[in-house]
Amino acid sequence: MERLVLTGALALLWTTVACQNACNSTSTIVIAFPELDPPNKPSETDPVYTKAILTNGRPFNVSFTFSPDDKRKKFPFDDYFRHNFSASTNSYVVSMKQGIDRDGKTSSPFDDTDFINYTMYCQAVDGGTVEEKKLAIQILDVNDNAPLFSFESYGVFLNEFAPVGVTVLRGIVADDLDAGLNREITYRLTSVALGVPSVYNGTDYFYLPTEKGDAVTLIRSAVLPTLSLTSYYDFYFLVTAQDRAVPASSQRLGKTSFFVSVLNGSEPSVGVYYPSCIQPVVPSPKKCILPRYYTSVTFGDTSEIKLELYPDPPDPNNTGTPVDIMFQDESLINGSQTPIVSIQETLPSNYEKVFTVSVTQVGKNNFKCELRKVAGKALNSTSFKTLQISLEIDEDPLLPEWVTIYVMVKGPYAPVLLSNSTDCYIYENATLGSRAISDKSNGGLYKLMFSDPNKYSSSPGILDVTVLPGTPFTVDNDGFVSLATGALDFESQQIYNVTVSFLRLKYVY
């Protein structure tokens, strides 16, 4: 595991009261507008998109100009905003004139547009000193994205004698590009009547955690004794992901379909085996339920390598030692033929030719399977952290055995800090949950940004963020530093050294 440990200073600020003059003495002005997807334009009469930046002093007698450097920003001020004196409100105002999408292209907060900072100069029309001010415009999230699953449908084969509690499939999660409650997701299984005699409602047989999704587990025996032992059947249900936006009427919903094909467990068939695997309810020698392995490949490596496979669940008596995929074909007579093993699919798709699989007979009806990465091929995509390989062992087309292999794409480097500064500030009268700001003259929130060299752009959860004990501060999932416990007192302590640890998990699948 690679770890980055960052120690930064957090300074306490004295609360001050601004004096009044033509431009007001406030050096940093913070206003906020709701996001609006381009090319939409806000209505000039909508008060939500007009905010006062100067209400005291003499707002009718000032002029504002902006730094030439602002023209080189992603959102040049004159292209997206206007400023003028409003006689109706007796204030100097800034209005949004062009829509800005707060949400980035991925669910990671690193490509979001939360704040846009400008430098402006204020001067009284009748003369006086030119005052430099910072204008921080916050773009507020609007719940304009529904949770999105990686795939439109999921499917898995399951032996009818699988024990209750077995994990049928992992990785059933959705991403949401929004922020806050708008990106927090609740999962549910929903029944759908297809009108097909051999397809049954799966919501009574399977479970998915409401808060986090991920693992679909069997909660009731999949054996349906009323069916013929020579047939196999399906369970079907929808998985829905709904955000927690407020009010509830603004919540959005995403969905995907899920098929579980239940196979006859009584017929002789191929059986994969390893000591720590999940065993069927009806004993069957050398046969695992949903055999799974995990391995890793270095990002960008083009060499040919044999993949070191580790069983899932891990073998407590042989931890840390790679194993071979071993299987037995109960239907063969005197080992007269070798079963066909093939890479049926990868998730994400189109990586089937990056790997090869070979089979060697190691005894009567017993075989060993080896998986290799091809020379000249590399896993160098920036859009995923784990690749799933599905192997099919096919001696009987009606009773195949499926083996799942999770390939973690790893890098040789520790996580990287992206923030320009490790120093931030907070006022002594801050309440619990208050966030630190980036500097004393700029009221913008301080955002701790970090990245993994492998650039898993769609996977913000690969780093485990921990604040070491000893200070009253915490860092949330979006990288904001906030007050977690207690009250602050400027006179007793002005500086806190906060140590934050970023740990990249060795295997995530």
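1. In this predicted model, a useful place to begin is L391, which, once its neighbours within four places in sequence are set aside, is in contact with I325, S342, I343, V357, C369, L371, E401, W402, V403 and I405. A student may wish to find L391 in the structure and then look for each of these residues around it.

2. L391 also belongs to the largest nonpolar core, which has 31 residues, and together with I325, F355, L379, I389 and I405 it touches the most other members of that core. At least two residues of the core come from each of the following: strand 19 (270-273), strand 20 (292-298), strand 23 (325-329), strand 24 (340-347), strand 26 (366-373), strand 27 (386-394) and strand 28 (401-410). Where does this core lie with respect to domain 2 (144-280) and domain 3 (294-412)? Because both domains give residues to the core, it lies between them. Another core, of 28 residues, lies apart from this one, and among its members are A162, I185, F206 and V260.

3. The next point concerns an open sheet of 3 strands, which run in the order 11-16-15 with antiparallel pairing. Strand 11 (167-172) and strand 15 (206-207) stand at the edges, and since each has a single partner strand, one side of each is left without a neighbour in the sheet. As a general matter, the strands of a sheet pair through backbone hydrogen bonds, in either a parallel or an antiparallel way. Here, strand 11 and strand 16 (residues 214-218) are paired in the antiparallel sense over 3 bridges, and the residue of strand 16 that serves as bridge partner of L169 is V216.

4. The structure holds 18 salt bridges, of which a few deserve separate comment. The side chains of D103 and R102 meet in one of them, with an N to O distance of 2.9 Å. Are these two residues buried or exposed? D103 has a relative accessible area of 8% and R102 has one of 1%, and because buried means under 20%, both count as buried.

5. A second salt bridge joins the side chains of E184 and R244, at 3.6 Å from N to O. This pair links distant parts of the chain, 60 residues apart: E184 sits in the loop between strand 12 (174-175) and strand 13 (185-190), whereas R244 sits in the loop between strand 17 (233-243) and strand 18 (253-263). E184 is partly exposed, with a relative accessible area of 35%, and R244 also counts as partly exposed, at 25% relative accessibility.

6. A third salt bridge brings together the side chains of E370 and R372, at 3.1 Å from N to O. E370 is partly exposed, its relative accessible area being 23%, and R372 is partly exposed as well, with a value of 25%. Elsewhere, salt bridges that share partners join R102, D103, D112, D114, D141 and K447 into one network, and this network includes the pair discussed under the fourth point.

7. Finally, the confidence of the prediction should be kept in mind: the mean pLDDT of the protein is 80, and 81% of its residues reach 70 or more. Over residues 1-7 the pLDDT is below 50, although the model shows 35 contacts for this stretch beyond near neighbours in sequence. Over residues 455-462 the pLDDT likewise stays under 50, and there the model has 26 contacts beyond four places in sequence.

Technical notes: Residues are numbered from 1 along each chain as its sequence is written. Side-chain values use heavy atoms; hydrogens and water are left out. Two strands pair if DSSP finds at least two bridges between them. Helices (H or I, at least four residues) and strands (E, at least two) are DSSP runs, numbered from the N terminus. pLDDT is the predictor's confidence in each residue, from 0 to 100. Contact means heavy atoms within 4.5 Å. A salt bridge is a side-chain nitrogen of Lys or Arg within 4 Å of a carboxyl oxygen of Asp or Glu. Buried means under 20% relative accessible area, exposed over 50%, partly exposed in between (1.4 Å probe, protein chains only). A nonpolar core is a set of buried Ala, Val, Leu, Ile, Met, Phe, Trp, Tyr and Cys residues joined through side-chain atoms within 4.5 Å. Domain bounds come from an automatic or database domain assignment.
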